[in-house]
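User: Please take a close look at one part of this model, the open sheet and the helices that pack on it. Then place the ligand with respect to the domains.

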Amino acid sequence: MHTINTGDADEVASVVALAARLRVLLPLPLADAYDYRAPVGAVVPVGAFVVVPLGRRQSIGVVWDGDPNPGLSEKRLRSVEQVLDAPPMTATLRRFVDWVAAYTLSPPGAVLRMAMSAPSALEAPAPRAGWRRAPHPPDGARITPPRRRVLDLLADDTPRAGGQIAEAASVAPAILRGMADAGLIEPALMPRQAAFTRPDPDHPGPSLGPEQATAADALRAAVSRRAFSTTLLTGVTGSGKTEVYFEAVAQALREGRQALVLLPEIALSAQWLDRFRGRFGVAPALWHSELTPRTRRETWRAVAEGEAPVLVGARSALFLPFPDLGLIVVDEEHETAFKQEEGVVYHARDMAVVRARLSSAACVLASATPSLESTTNAATGRYASVHLPARHGGAEMPDVALIDLRRTPPERGHFLSPPLVEAVTQTLARGEQAMLFLNRRGYAPMTLCRACGHRLRCPNCTAWLVEHRAARRLQCHHCGHVEAPPEACPNCGAPHSTVPIGPGVERVLEEATALWPEARRLVMASDTIPGPAAAAAAAQAIQNREVDLIIGTQIVAKGWHFPHLTLVGVVDADLGLAGGDLRASERTFQLLHQVAGRAGREEHRGRVLLQSFAPEHPVMQALVSGDLDAFMEAEANDRRPGHWPPFGRLAALIVSSEDERAAERTARDLGLAAPGGEGVEVLGPAPAPLAILRGRHRRRLLLKTRRDIAVQPLLQDWLAKVTVPGNVRVQVDVDPVGFL
Ligand SMILES: Nc1ncnc2c1ncn2[C@@H]1O[C@H](COP(=O)(O)OP(=O)(O)OP(=O)(O)O)[C@@H](O)[C@H]1O
Ligand SMILES: [Zn+2]
C-alpha cells in the first residue's frame, strides 16, 4: 500500500468509482440528471430504464449520456435498485429529448416525462397462462365427451387460454380443472400475441390517378433513401393527399421501418381510419389522450418492441419509443392544434422534422393550406415540394362568392342574410346537403343587461361568459367556469333583464329551425360531438343522408369528405380577423378555405357563400379567387420587412401570478433586463389580452430577433438576470402561435 504513489492511486480509485457511477435522468422538472451507483456486477447500457431512490420514494429513470460528476462524494451516492426489463431508450430518442429541452428551454426531465407516458409499460408484461395437452397422459384416465372435445381442440399442441378453450369446446371451466387433476392437460405459458397486425403494403387499395401516382413516386423515393428529408405535400382540398401519403407509409413498411402519422384531432379521424383500413387491410395503432391505461401500456410497449409498424396519433405520439422510424407524416400541418401550450411548450410539426432528422427518416407535411413557415421553407428549397393540382375524380373546385352584409343584412335579431337563406332553401329542395359554419360554440358569446348595460364576465378570467342555452348555463371558454343564467342582473338587480348579444352555433340552429323546420339538422361542435364515437356516428349519418343541414364550428373544417354536401355558408367570415394576432389573416384564410373545401367533393359542384362586412379585405378576395399562392406571397411581403416569422424569430415570456403586483413587478424587472442590440428587440411588458386567466394576472413580453439570431441563448441570459419570486411563474414560449 505504502509503495503506491498516491497520485496514481487516486486516479485509479476515481476511474473505478466513475465506472461504477451512472447518470440517470428522471422524468421530473429537475435541472439535470442525477448520479447513482451502478448495480454491482451488472452492465447497464445507456438508455436502460432503472428504478432509483429519490428522497424517500422511488422513481423510474433512464440511464443518460454524459459523464457522471466525479466531485460527488461516494457517501452521498445512492444505488440503482433495479434495471427494468424493457428495451432501452434509443440514442435517437435520447437525442430528441435533449434537443426539445434545449430548444424549448425546458428541463430535460420534463421532456423525458413525455417520452415515458406509460410507465407501467416498462415492467415486463406478465406472461399469460393457459393449458396444453399433457405430453404423457396417464393410462386409463377417463375420457368423457367434453374431455374429448378439449383434447381435440388442443391436438395442435398450441397452449390456449382457459376461457377460450371453455368456449370453443363448449365445456364448463370446472372440466379443465378436473382434466388437469387427472393429468390430461397441464398449465403452459402462452406465446405473446403481436398487439398489432402488420399492415400489408401490397394490399390492393384504390388505384391512383396520374398526378397522384407521380406524387406518390416522389414520396416513396424519399422514404427509400433512408435519409432525412422533408417534403411539403400540397394540393387542393379533395385532391387525395391522404391516399398519396399512404404510399409513403407503404414504402416505410417495405423498408421494414415504422411510420408515424400525426393528425391534429384524432377524435375526428373516423373517416381517416376507414381509408387506412381500405388501403392496408387492417387498422393502425392509435395514440391519443383517451386511450384506456391498458391500451396505452400495450401500445407503448408494442411500439418499443417494434411491434406497431404504423401508428397514428396526436402530437404526443412524437415521443413514443419507435426503434426505427422511417417516416413521419404531419397531416393538416398548418393546424394550431399541433402546438402544445401547457407544460413543455412545443410545436409538434416542427419537432416532427427534428425527430425525422435524428432518425434519418422522411418527413411529409401535408395540407391544402400550408403554413407560411412551410411554404417559405419549400420556396427556399429547404423542403422538397409535391403538389396535386386537381380534385380526385374530376370534381370541380367550389364556386366561392361573398355576401356583403352592409347591402343585404339579415333581419333584425337574425344572422342569416336573404341570399344565404335562399341558397340553403334551394339546396335542400334539390335533396342536397348544406352546411352553416360559425366558429363559436354555444348560443351567444356575450350576455348584457338591458337595463344597466352590465356584461356578464367570468370571475376568474378576462372573458365574457358564453351562454349555452340548451344546457341552461353560462360558461367561460377559458377556465371552464360554469354558472346558471341569473334571474336578475347581478349589477342593477333588474329582473329578467339579460339579453344575448351575437350568435353562436346554437343560435344559428334556432334560426335554421324556424326557417327550415322540415330539414334534419345536426350541430357539430366540440361539446355536441364529444369523442371519437360521436364523431364517427355523425360522419356516418351525414354520409347516409340522414342529415340535411349541418351547423358547425371549426371541427367541420377538418378533412371530412361528405359526398352529398354542396353548399357551405359562412355566417361570419370576419370573425377571425379581429385582434392583433400576427397570423390572423393567414389563419382565417386557412380555416375558411378548408371549410369551403368540404363543398362539392363529388359529382355536383359546390357553392360557398361568405357573409362579410368587409368583402374588400384581402382574405375575402383571396378566398373568392382561390389564389392561394398570391395570398401567401402577399402575407410574406407583409411580414418580411419587419422580420416577423418566418422571416425572424419570436419568443414570448408569459409572467403570471395570483398576486397582480408581483406579476407586474417581475414583468417590469424582465423589461429592465431585456436583451438588446442589432437585430434584437423586446416588446412589452404589457398586460396579456387575457389579462386574467384562471385567477392569475398575466403580463407578456415578446422577444423578436432576426432569423440568423437564435433566441435560446438570449433567453437564458435574460432569465438568469431576474429573480422570480415563488408566487410568480414565467413561462417561455419559443415560436409562439397564440398571443393571448
Ligand atoms: N385514387 C383514388 N381512388 C379512389 N378514391 C380516391 C382516390 N384519391 C382520393 N380518393 C377519395 O377522394 C376523397 C378525397 O381525398 P382526400 O380526403 O385524401 O383529399 P385531401 O386532399 O386530403 O382533401 P382535404 O385537404 O380536403 O382533406 C376521399 O374520399 C378519398 O378516399
Ligand atoms: Zn374563466
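Analyst: The sheet is described first, then its helices, then the ligand shell.

This is a predicted model. The open sheet has 6 strands in the order E17-E27-E26-E18-E25-E24, with parallel pairing. Its edges are strand E17 (399-404) and strand E24 (521-524); each has a single partner strand, so one side of each is left without a neighbour in the sheet. From one strand to the next the twist averages 20°.

Within the sheet, strand E26 (residues 565-570) and strand E27 (residues 607-612) run parallel and are joined by 4 bridges. Leu567 stands opposite Arg607 in E27.

Helix H13 (residues 418-429) packs on the sheet and touches E17, strand E18 (433-437), strand E25 (549-552), E26 and E27. The direction of H13 makes about 165° with that of E26. Helix H14 (residues 505-515) also packs on the sheet, where it touches E18, E24 and E25. The direction of H14 makes about 155° with that of E25.

As for ligand 1, domain 3 (210-393) and domain 4 (395-440 + 503-637) both give residues to its shell, so the ligand lies between them. The ligand is surrounded by 19 residues, and the closest are Pro206, Thr237, Gly240, Lys241 and Thr242. Helix H8 (residues 241-254) supplies the largest share of the shell, 3 residues. By class, the shell has 13 polar, 3 nonpolar and 3 charged residues.

An unreviewed UniProt entry lists residues 222-388 as "domain: Helicase ATP-binding". Over residues 222-388 the chain is 35% helix and 25% strand, and the end C-alpha atoms are 17 Å apart.

Note on methods. Residues numbered from 1 in each chain as written. Chains lettered and ligands numbered in written order. Predicted model: local features only at pLDDT ≥ 70, side-chain atom pairs only at ≥ 80, totals over all residues. UniProt positions renumbered as here; feature names shortened; annotations may be inferred. Helix = DSSP H or I, 4+ residues; strand = E, 2+ residues; numbered from the N terminus. Near = placed C-beta within 6 Å. Nonpolar A, V, L, I, M, F, W, Y, C, P; charged D, E, K, R; others polar. Domains from an automatic or database assignment. Pairing = 2+ DSSP bridges. Axes fitted to C-alpha atoms, helices over the stretch in contact; angles between N-to-C directions. Contact = placed C-beta atoms within 7 Å.
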